[in-house]
Amino acid sequence: MHETREWPIEAVLLHSNDIHSRLENAARMATFIAEERRMFGSDRVLVVDIGDHMDRMRAETEGSDGMVNVELLRAAGYEVITLGNNEGLTYEADTLEAAYQYCAGFAVVVANMRRTADQEQPAWMLPSTIIRKGQLRIGIIGVTAQFSDFYTLLGWDVTDPLQATAKQAAQIRPHVDVVVVLSHLGLPFDRMMAEQVPGVDLILGGHTHHLLEEPLVIGNTTICAAGKFGEQMGRIEIGRDPVTGAPQFRASCVPVAAFEEHEAAVGILNRYRESAQRKLDRVIVQLETALPVRNDQESLLPNLLAAGIRRWTDTEIGIVNSGQLLAGLAVGDVTAGELHAICPSPINPCRMRLQGVHIKAALEQSLTHEFIEKAIRGFGFRGVTLGTLAVDGMAIEVEPDRAGEWAIAAIYVGDQLLVEEREYEVGTLDMFTFGVGYESLKLGSDIQYFLPEFIRDVLAHELQSKDAIEAASKNRWRQRKGKAAT
């Protein structure tokens, strides 16, 4: 709520979201936080994070199971955080517990998350909390995106976030001056919350990486968000209208690039960088042959991944995009760190039933520059461009069309021609089920996700087999005999 009357600042709320392990920016935020505390006093400054602080594409996060992120939050003086999908879905429950149970310094609030086994929250998680800053009692509720199909496989029951927010708001509203929601739901849900959930004064948003340089005001609710990757930090001055006593907000987003990295944060980063390197130096396999990657045509390492996905999901066909692999592997030792570097995406295998016509559509698209070079952002993808499709359990014959471009002449599943009306068991990537990239691959039914394994875990398993590597060298995409490109 915004009024034209002047009102004194009673508290300053600083908020971050979707840092995605851009840890240097987290270190710069620590400097900004310290300056705000020097100016207003720790008793009047509240610092919160709205999730996806962790991202396992970062070596320090991968090598420490997220502990580097927790240490940075604690050292910077965060008091309340909620979980994003990059915390909740990329780590198993016992790993999250190891990271958060003994954090002793900030509260983890998630109102719509329960253990499936007993429908209770673990000891380190709360649905909401109340923090006093100055003369203000600030109630804080956390909610995270409802990816139920994935959370169930990790032993979590994630419920409707708006209902959970409404319940908590009703409980704490009589006891606080301001109700704040840490919402890792995305801007559309934040708008719905403001419209539908009574008793919420302030929504701090994330998940969809939206930057609100000016807050949105819907009814009596103010919505703020600070973008992505820790490039900016949200800052909100909180007071009360001198006549009505209603909470008042002045909100802005502060770029952090000009701030020095905080000395304590730099020390944490250096320590975890060294320990992560030691962990990731573990040798997975010693290769006797190089495994190249091409984004624009068939190559050995994507074929190996497609075969691994097919075996992992026990399906007829394996389909992956080559853009998941950022580089090939050379002869010699392959370490866990190298595999993490070339395949950083927190993407899981999945299986589905998919009609032949939809498989064919994706294969046809994978011959075009439009799809090979398509830039993809989000959905777990940490590569650059989509790349062509690599397959296993299939053979595709191609021939040049009148324009001299490659076109599909025949598709075989095993030794039988693909039947467009038939459903096939397909092993592929969870990313495709969200309708990103090769969009016809989202049209499957009976979808089953495989967690907690990432596709790099599948690849690590395949690399142990010389037979699998040899089989991956055999072409799946073949030029029809007697045809030549013009």
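**Contacts, core and pockets**

Trainee: What does Tyr100 touch, not counting residues up to four places away in sequence?
Mentor: Tyr100 touches Met54, Val70, Ile81, Leu83, Glu87, Phe106, Val108 and Trp124, once residues up to four places away in sequence are set aside. Please keep in mind that this is a predicted model.

Trainee: Which residues have the most contacts inside the largest nonpolar core?
Mentor: Tyr100 is one of them, together with Ile359 and Leu363, and the core itself has 100 residues. Its largest share comes from helix 10, residues 300–313, which gives 6 residues.

Trainee: Val70 was in that contact list, so let's go to helix 3. How many of its residues are buried?
Mentor: Helix 3 spans residues 67–76 and is mostly covered, with 7 of its 10 residues buried. Val70 is among the buried ones, and the others are Val68, Asn69, Glu71, Leu72, Leu73 and Ala76.

Trainee: And what covers the buried residues of helix 3?
Mentor: The cover includes helix 1 (23–40), strand 2 (45–49), helix 2 (59–64) and strand 3 (80–81), and from further along the chain numbering it also includes helix 5 (93–100) and helix 9 (263–280).

Trainee: What happens just after helix 3?
Mentor: Gly77 sits just after helix 3 and takes a positive phi of about 85°.

Trainee: Which residue has a positive phi although it is not a glycine?
Mentor: Phe229 is one such residue, with a phi of about 60°, and it is found in the loop between strand 13 (221–225) and strand 14 (232–240). Phe379 is another non-glycine residue with a positive phi, again about 60°, and its place is in the loop between helix 13 (369–372) and strand 20 (389–392).

Trainee: Is Phe379 buried or exposed?
Mentor: Phe379 counts as partly exposed, because its relative accessible area is 45%, which lies between the 20% limit for buried and the 50% limit for exposed. Phe379 is also among the residues nearest the centre of the largest pocket, along with Asn85, Gly378, Gly380 and Arg382.

Trainee: How much space lies in the largest pocket, about?
Mentor: The largest pocket holds about 780 Å³, and 31 residues line it. By class, that lining has 12 nonpolar, 11 polar and 8 charged residues.

Trainee: And the second largest pocket, which residues are closest to its centre?
Mentor: The closest are Asp296, Gln297, Glu298, Leu367 and Trp406, out of 17 lining residues. The space in this second largest pocket is about 520 Å³, and its lining divides into 6 nonpolar, 6 polar and 5 charged residues. Helix 13 and strand 26 (477–479) each supply at least two residues of that lining, and the largest share, 3 residues, comes from strand 26.

Trainee: Switching to Val391, where is it found?
Mentor: Val391 is found in strand 20, and it counts as buried because its relative accessible area is 0%. Leaving out residues up to four places away in sequence, Val391 touches Asn303, Ala306, Gly318, Ile319, Leu363, Ile396, Arg476 and Trp477. The C-alpha atom of Val391 is separated by 8.9 Å from that of Arg310, which is 81 residues apart from it along the chain.

Trainee: How many disulfides does a search of the whole structure find?
Mentor: The search finds 0 disulfides.

Trainee: Why is there no bond from Cys224 to the closest cysteine sulfur?
Mentor: The closest cysteine sulfur to that of Cys224 is in Cys253, and the two are 7.3 Å apart, so they are too far from each other for a bond. For reference, the cut-off for a disulfide is a pair of cysteine sulfur atoms within 2.5 Å.

Trainee: Are those cysteines buried or exposed?
Mentor: Cys224 counts as buried because its relative accessibility is 3%, and Cys253 also counts as buried, at 16% relative accessibility.

Trainee: One last topic: which residues does a cis peptide bond join?
Mentor: A cis peptide bond joins Leu451 and Pro452, with omega at about 10°. Pro452 lies in the loop between strand 25 (445–449) and helix 15 (455–462).

Trainee: How many residues of helix 15 are buried?
Mentor: In helix 15, 6 of the 8 residues are buried, so the helix is largely enclosed by the rest of the structure. The buried residues are Ile455, Arg456, Val458, Leu459, Ala460 and Glu462.

Conventions
Residues numbered from 1 in each chain as written. Predicted model: local features only at pLDDT ≥ 70, side-chain atom pairs only at ≥ 80, totals over all residues. Heavy atoms only, no water. Buried < 20%, exposed > 50% of the residue type's maximum accessible area, 1.4 Å probe, protein only. Helix = DSSP H or I, 4+ residues; strand = E, 2+ residues; numbered from the N terminus. Contact = heavy atoms within 4.5 Å. Core = buried A, V, L, I, M, F, W, Y, C linked by side-chain atoms within 4.5 Å. 1 Å grid on protein atoms, 1.4 Å probe; cavity = no way out; pocket = protein on both sides within 12 Å on 5 of 7 lines; lining within 4 Å. Points joined across faces, edges and corners; volume = space filled by probe spheres on them. Nonpolar A, V, L, I, M, F, W, Y, C, P; charged D, E, K, R; others polar.
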